[in-house]
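Hi,

Here is the structure I promised to pass on to you. Have a look at it first, and then read my notes below.

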Amino acid sequence: MIDIWVFVQLRDSEIEDVTFGLVTEAKRLLKQGQGNGQVTAVAIGPASDSDLEALGHYGVTRVLWMTDDQMTRYQGEVFGRALVDLVRKEDPTCLLMAQTSETEDLAQRVAASMQTALVTRAVDFHLGEDGTATAVRPVANGYLFEELAINTKPAPIILFLPAVLFDTKPELDSGAAVTPIPIPEIGADLKTRTVQVIEAAPEDLDLEEADIIVVGGRGVGKADAFDVIHDLARVIGGSVGGTRPVIDWGTLSYERQIGQTGKYVSPRLIINCGISGANEYTAGMEKSQQVIAIDRNPRARMFRFADLGVVGDVHEILPLLISRIEGRK
Ligand SMILES: Cc1cc2nc3c(=O)[nH]c(=O)nc-3n(C[C@H](O)[C@H](O)[C@H](O)COP(=O)(O)OP(=O)(O)OC[C@H]3O[C@@H](n4cnc5c(N)ncnc54)[C@H](O)[C@@H]3O)c2cc1C
């Protein structure tokens with residue numbers, strides 16, 4: 001029987017939306033295999049019992065849940081060993097994850113321990129009836145795609161780019177069976193332990209984690225001209241991102257690039273400044289909840305994605321905005 005595993009992405013004990021997209025992928029794979037099988041969700045860390053059970057409405061048959069005091073925050077060794085232990089016992093068909101900095105770390109640990117196939121940045125995955133599997137991912141900075149034939153034993157791990165995971169609606173009445181899994185003996189021989197947790201200034205926050213992002217494009221300008229983006233981010237507690245030209249200039253480092261060949265982000269609020277809205281950029285920010293665009297060209301494609309559009313020069317508008325916000329504070 002096919003048993004497709006989906007890794008539940010938890011943040012502050014809540015299930016992140018990408019998990020539902022993964023469940024959709026898992027259901028698609030089940031259909032390819034004539035529906036003979038199940039979708040299993042694996043959760044590690046604190047979560048609400050009822051939220052996990054509700055995954056059943058999306059098509060998950062059962063949830064395997066591991067949590068204890070060591071699992072309140074992501075710790076690669078602890079999560080890795082717990083997951084390897086479970087995979088060894090249960091022998092799933094494959095394990096699907098949404099690509100984040102944490103799952104990148106976790107998947108590498110599990111793949112190395114299990115000596116299994118690992119595909120990162122996947123945009124597509126197929127399971128053949130004859131036990132073969134293939135995956136597609138972008139390479140060469142997004143200029144090419146490569147198709148990989150995958151060894152299916154032991155269970156391959158596929159990390160999907162979040163942008164290709166589509167939200168899904170609850171369709172079923174029944175909840176999933178949630179099974180608490182005993183935690184394997186982990187502790188005394190850990191090679192790393194957390195001694196301190198240092199909160200990053202919001203401006204430096206990983207773009208994938210940020211709630212608010214201010215993004216500057218070519219229209220903002222190089223070097224000192226770009227300071228206005230940092231100033232706005234500072235006053236509203238946001239992180240800073242850039243389009244590819246800004247990264248090519250060296251004004252921001254590559255980890256700050258948003259788009260097809262950069263990061264895929266889904267903040268509560270994104271403010272796009274001097275950005276035309278090329279599809280290679282918008283692919284990386286389409287999942288943002290509230291979108292503001294500021295551009296002097298009223299026909300900029302970026303406005304199509306905006307909940308609020310402001311036509312004008314960023315170097316006139318942003319200083320005004322910053323002083324208004326500071327005045328209110
Ligand atoms: C394979 C491939 C992958 C790519 N991957 C990415 C990617 O991951 N991320 C990415 O961003 N790009 C990517 N690109 C590049 C992408 O195609 C665009 O070239 C890029 O996104 C454009 O960036 P931009 O909007 O900052 O610049 P532009 O397209 O030049 O737009 C500048 C905007 O600023 C406005 N403007 C100018 N001055 C002002 C002012 N003073 N005030 C207000 N507005 C002003 C203009 O009206 C214009 O709308 C990729 C391209 C390819 C071919």
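**Where the ligand sits**

The place to start is the second largest pocket, since that is where the ligand sits. Keep in mind as you read that this is a predicted model.

Which elements give two or more residues to the shell around the ligand? They are helix 6 (244-249) and helix 7 (279-282). In total, 26 residues surround the ligand, and the closest are R218, T243, T261, S276 and D295. If you sort that shell by class, you get 13 polar residues, seven nonpolar ones and six charged ones.

**Contacts to look at**

Try finding these on your screen. Q257 uses its side chain: one of its polar atoms there lies 2.8 Å from an oxygen atom of the ligand. With R244 the backbone is involved instead, as a backbone N or O atom of this residue lies 2.9 Å from a ligand oxygen. V314 also brings in a backbone N or O atom, but here the partner is a nitrogen atom of the ligand, 2.9 Å away.

How much of the ligand does the protein bury? On its own the ligand would expose 980 Å², and 81% of that is buried by the protein.

**The pocket itself**

Now picture the second largest pocket as a space with walls. It holds about 580 Å³ of space, and 29 residues line it. Nearest the centre of this pocket you'll find R218, T243, P245, S276 and A278. R218, T243 and S276 may ring a bell, as they are also among the residues closest to the ligand.

Helix 6 and helix 7 turn up again in the lining, together with helix 8 (314-328); each of these supplies at least two lining residues. By class, the pocket lining splits into 15 polar, eight nonpolar and six charged residues.

**And one cavity**

There is something else to look for. The count of cavities of 30 Å³ or more comes to one, and about 30 Å³ of space lies in the largest cavity.

Which residues line the largest cavity? They are V87, P92, L95, V110, M114, T116, A155 and I157. Seven residues of this lining are nonpolar, one is polar and none is charged. Set that beside the lining of the second largest pocket, with its six charged residues.

Have fun clicking around, and write back if you get stuck!

Cheers

Conventions. Residues are numbered from 1 along each chain as its sequence is written. This is a predicted model: local features need pLDDT of at least 70, side-chain atom pairs count only at pLDDT 80 or more; totals for chains, interfaces and linings use all residues. Side-chain values use heavy atoms; hydrogens and water are left out. A residue is near a molecule or strand if one of its heavy atoms lies within 4 Å of it. A polar contact is a pair of N or O atoms within 3.5 Å; within protein, one must be able to donate a hydrogen and the other to accept it, and residues adjacent in sequence count only if both atoms are side-chain atoms. Accessible areas come from the Shrake-Rupley method with a 1.4 Å probe; for residues, only the protein chains shown count as cover. On a 1 Å grid over the protein atoms alone, a cavity is a set of points where a 1.4 Å probe fits but cannot get out, and a pocket is an open set with protein on both sides within 12 Å along at least five of seven lines; lining residues have an atom within 4 Å of a point. A molecule sits in a cavity or pocket if more than half of its atoms lie within 2 Å of its grid points. Helices (H or I, at least four residues) and strands (E, at least two) are DSSP runs, numbered from the N terminus. Ala, Val, Leu, Ile, Met, Phe, Trp, Tyr, Cys and Pro count as nonpolar, Asp, Glu, Lys and Arg as charged, and the others, Gly among them, as polar. Grid points are joined across faces, edges and corners, and a volume is the space filled by probe spheres set on the points.
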